[in-house]
Amino acid sequence: MSLAIFLQALIGGLINGATYGLIAVGLTLVFGVMRIINFAHGEFLMIAMYLGYFLWALAGVDPLVAILAATPVLMLCGIGLYGGIVRFALKVPEINQMAVTLGLSLLLQHLALMLFTGDNQLVTLPRSTAGIALGPVVVQVPQLLAGCASLVLLVVLYLVIHRTDFGLTMRAVSQSRDGASLSGISIGKVYRWSMAVGIGTLGVAGPLMVSMLYVNPHVGALFTLKAFVIVIVGGLGSFGGALLGAMIVGLAESLAGAWFSASVAASVPFLLLILVLLMRPQGLLVRRRA
Amino acid sequence: MRDSKSLFISIALATLGFLAALSDRYLMDIFVLTCFYGTLAVSWNLMAGMTGLVSLGHALFVGIGAYSVAWGYSVHGWPPYVTWPMAVLLSVAAAAVIGALCFRYGLRGYFFSIATLAFSEVAFYVVSATNALGRSDGLMLLSADDPVLHLQFFEKWPYGLIILVILAATLWLGHALLRSRTGYYWRALRDNEEAAETLGVNARALKMRAFLISAAISGLCGAFYANYVAFVDPRSVLGVDLSIQMLVFSIIGGMSQLWGPLLGAALLVPVSDFLRGLTAIQGSNVIFYATLLIVLALALPQGIAGWVARRGRRRAAASLAQGERA
């Protein structure tokens, strides 16, 4: 393999990794605070992608502007998800929680199939095919935009979690639910807003992605699985871990794609997941609890 | 004795279903699919509901079973009396490797579920890329010169009979296991692993036993599926959807009873087929059972079977109390 192909795969992998990071951070945030795994996470990404697509197809809105509309809508979805379903799911056994979010994922997929049909949709802009040459490597403009926007948002999220009072209450609840409750933190409120932020990040990711990847009702399932891999590789509930995991998965996928067939490359993230689960089940960036 | 009663009732009802379906090919098809999913869900629940190991990758074993038959037949012309035992053995071997890794490193809860999911996804993509297994196009089982030997029947009822026997044997085996020492240990592990281990229960060996038995039955079901449908592809036998279906049937039917998952399949398979025929709307059957899943998982955490069993216990207690008063 020539150096140029390797570099191309490397840059492509890192840029994909940044977008994956944005998707996975929402999942890990919700798990960190509520200890619930949302199997319908990818379906909310699918909704955000459709929002981006229809705003462009019906009103000609640029996906970058569509973020401003999609993010509040997805935050409302998150609040609705908490109030309508998750609030009750927290009271039932773990396997029932799994069943509830799996059921939601199936429901949203097939509702989307009913409303939008199974056709692939894509936003095509003049800049979609434009590329920027960096030495031997050509970077597609939509990819670059998505990568940069993801990094900016990840920085903003990091600051929210580590530098604001809301972030402090979130971290407190994630460390000790009862302790936080005794200190006067309203658990329900923190849960609701964590869900809003966790799902809201998808409102940024969705419109960015629909200009480089086809959206169809089943696109979310793939990203849910990838997001699982990422957060487990990095460590469930760890912000930095999700970012590291996303970069590793993005790179592994893109490098494997340069060497092997597409199908084998698709299995690489799962091989990685098995390896990490067996060697370091708590994830790369989380210390094992005593 | 109450337990034996429910075993006999479920087998008798399944036999009645078979007799009722004899009249019609379409009904027999529904019956076969109900028993197929029912057996799978019961075997899945031996792990999930009884031992507390929620697998999200059980399609892997169905896939191994189905591909053993499809590959053995279409490449070598092997008959079922060679390929079916091979299907079971290979499924058990795969479960032994996965189980050894997962239990050695103490994966529990969500982590075990996601590890099994990852194994089955790897198999999905590897099979989709393997030429000998027909890649993502799958393998077709063409008609044989000696159809009966290769379990190729024009009528559907022989398949109904075979799957009925498999179902009855699974129920009987599950019943016997749950009343044995092993079954009590399983439920002790499910309820509190640390406490059970403190009392001397060998958690790793017992979890492994549940995993192997469950995988063997799923592999057998996969072998049956390949002979019944005569076509196997990664999407139908190795997909995540199949693994999730076992969970759906078990949650709705109820995981606390052996027959709960069978009840779930018996309710959902016919209804979902009926809905598919009723409306032209794509996926209306999935919308129905996904909604049912969400509502039941929240409102009846023990499923329909758990609700029935609790009512039964309450009635028994009430009649006992009345007897004492009298």
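A polar contact is a pair of N or O atoms within 3.5 Å, in which, within protein, one atom must be able to donate a hydrogen and the other to accept it. In this predicted model, four residue pairs across the interface of chain A and chain B are found in polar contact, both residues being at pLDDT 80 or more, while the rule finds zero salt bridges across that interface.

Helix H3 (63–89), H4, H9 and helix H11 (262–279) of chain A each supply at least two residues of the side of chain A that touches chain B, and H4(A) gives the most to that side, with 16 residues.

As to extent, 43 residues of chain A are in contact with 38 residues of chain B, and the two chains bury about 3,700 Å² between them, with 84% of this area on carbon and sulfur atoms. Ile95(A), Met98(A) and Leu278(A) supply 16% of the area that chain A buries against chain B, more than any other three residues.

The largest pocket holds about 1,600 Å³ of space. Among its 50 lining residues, Leu106(A), Arg235(B), Val240(B), Asp241(B) and Leu242(B) lie nearest its centre. Both chains contribute helices to this lining: H4 (94–116) and H9 (219–234) of chain A, and H2 (25–51), H5 (109–128), H10 (234–238), H11 (240–253), H12 (260–278) and H13 (284–299) of chain B, each supply at least two residues.

The table gives the residue classes for the two sets.

| Set | Nonpolar | Polar | Charged |
|---|---|---|---|
| Side of chain A that touches chain B | 34 residues | seven residues | two residues |
| Lining of the largest pocket | 29 residues | 14 residues | seven residues |

Notes:
Residues numbered from 1 in each chain as written. Chains lettered and ligands numbered in written order. Predicted model: local features only at pLDDT ≥ 70, side-chain atom pairs only at ≥ 80, totals over all residues. Heavy atoms only, no water. 1 Å grid on protein atoms, 1.4 Å probe; cavity = no way out; pocket = protein on both sides within 12 Å on 5 of 7 lines; lining within 4 Å. Points joined across faces, edges and corners; volume = space filled by probe spheres on them. Helix = DSSP H or I, 4+ residues; strand = E, 2+ residues; numbered from the N terminus. Nonpolar A, V, L, I, M, F, W, Y, C, P; charged D, E, K, R; others polar. Contact = heavy atoms within 4.5 Å. Buried area = accessible area lost by both parts, 1.4 Å probe. Salt bridge = Lys/Arg side-chain N within 4 Å of Asp/Glu carboxyl O. Polar contact = N/O pair within 3.5 Å; in protein donor to acceptor, adjacent residues only side chain to side chain.
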